[in-house]
Amino acid sequence: IDGIKVPIYGNGSNVRDWLHVYDHCRGIYAVLMGGRAGEVYNIGGGKELTNMELTQKILALMGKDETSVEYVTDRLGHDLRYSVDKTKITKELGYQPQVDWNEGIARTIEWYRENESWWRPLKK
């Protein structure tokens with residue numbers, strides 16, 4: 001939105017598991033309502049993407065290209081992959097992500113475009 005370069009650590013191959021905030025909230029609610037006390041439930045989205053894949057998708061939705069990327073030195077010891085196994089929450093509580101990833105990222109970008117007056121002051 002601001003037209004600044006997007007920093008990408010290393011070559012952008014670090015992998016992350018993505019889920020929409022609504023699905024995360026649904027997972028928390030499922031644990032509150034049916035989880036066993038003292039247990040740990042991983043709430044995953046089941047959508048693994050490299051940082052570069054995510055960035056390319058966002059840039060495309062914003063009408064930008066890879067010239068908007070700035071590669072920066074990766075942090076020492078930076079984890080190459082953050083992902084969780086949602087098998088337990090799915091098996092025990094029936095949790096499954098509901099928001100299609102492509103739809104969710106498009107809706108998120110649209111929200112930021114339409115609500116600049118809310119988030120802009122937070123950048124100061």
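Me: Ala, Val, Leu, Ile, Met, Phe, Trp, Tyr, Cys and Pro count as nonpolar, Asp, Glu, Lys and Arg as charged, and the others, Gly among them, as polar. By class, which residues does the lining of the second largest pocket have?
Reply: The model is a predicted one. Its second largest pocket holds about 160 Å³ of space, and the lining consists of H20, V21, Y22, R107, T108, W111 and Y112. V21, Y22, W111 and Y112 fall in the nonpolar class, R107 in the charged class, and H20 and T108 in the polar class. By class, the lining therefore has four nonpolar, two polar and one charged residues.

Me: Which element gives the largest share of the lining of the second largest pocket?
Reply: Two elements, α1 and α4, each give two or more residues to this lining. The largest share is four residues, and the element they come from is α4.

Me: Which element gives the most to the lining of the largest pocket?
Reply: The largest pocket has a volume of about 960 Å³. It is lined by 35 residues, and the closest to its centre are I58, I105, T108, I109 and Y112. The elements giving two or more residues to the lining are β1 (6–9), α1 (21–34), α2 (51–61) and α4 (101–114). With six residues, the element that gives the most is α4.

Me: How do the residues of the lining of the largest pocket divide?
Reply: The 35 lining residues can be sorted by the classes given at the start. They divide into 20 nonpolar, eight polar and seven charged.

Me: Which elements do the buried residues of α2 pack against?
Reply: N51, M52, L54, T55 and L59 of α2 are buried. They lie on the same side of α2, because they cover an arc of only 160 degrees around the axis. The elements that the buried residues pack against are β1, β2 (15–18), β3 (47–50), β4 (69–72) and α4.

Me: What is the phi of G63, which follows α2?
Reply: G63 comes after α2 in the chain. Its phi has a positive sign and lies near 75 degrees.

Me: Which strands are the edge strands of the open sheet of three strands?
Reply: The sheet has mixed pairing and the order β3-β2-β5. An edge strand here pairs on one side only, and this holds for β3 and β5 (81–82).

Me: Which residue in β5 does R16 stand opposite?
Reply: Strands of a sheet pair through backbone hydrogen bonds, either parallel or antiparallel. Here β2 and β5 run parallel and are joined by two bridges. In β5, the residue opposite R16 is Y82.

Conventions: Residues numbered from 1 in each chain as written. Predicted model: local features only at pLDDT ≥ 70, side-chain atom pairs only at ≥ 80, totals over all residues. Heavy atoms only, no water. 1 Å grid on protein atoms, 1.4 Å probe; cavity = no way out; pocket = protein on both sides within 12 Å on 5 of 7 lines; lining within 4 Å. Points joined across faces, edges and corners; volume = space filled by probe spheres on them. Buried < 20%, exposed > 50% of the residue type's maximum accessible area, 1.4 Å probe, protein only. Arc of directions from axis to C-beta. Contact = heavy atoms within 4.5 Å. Pairing = 2+ DSSP bridges.
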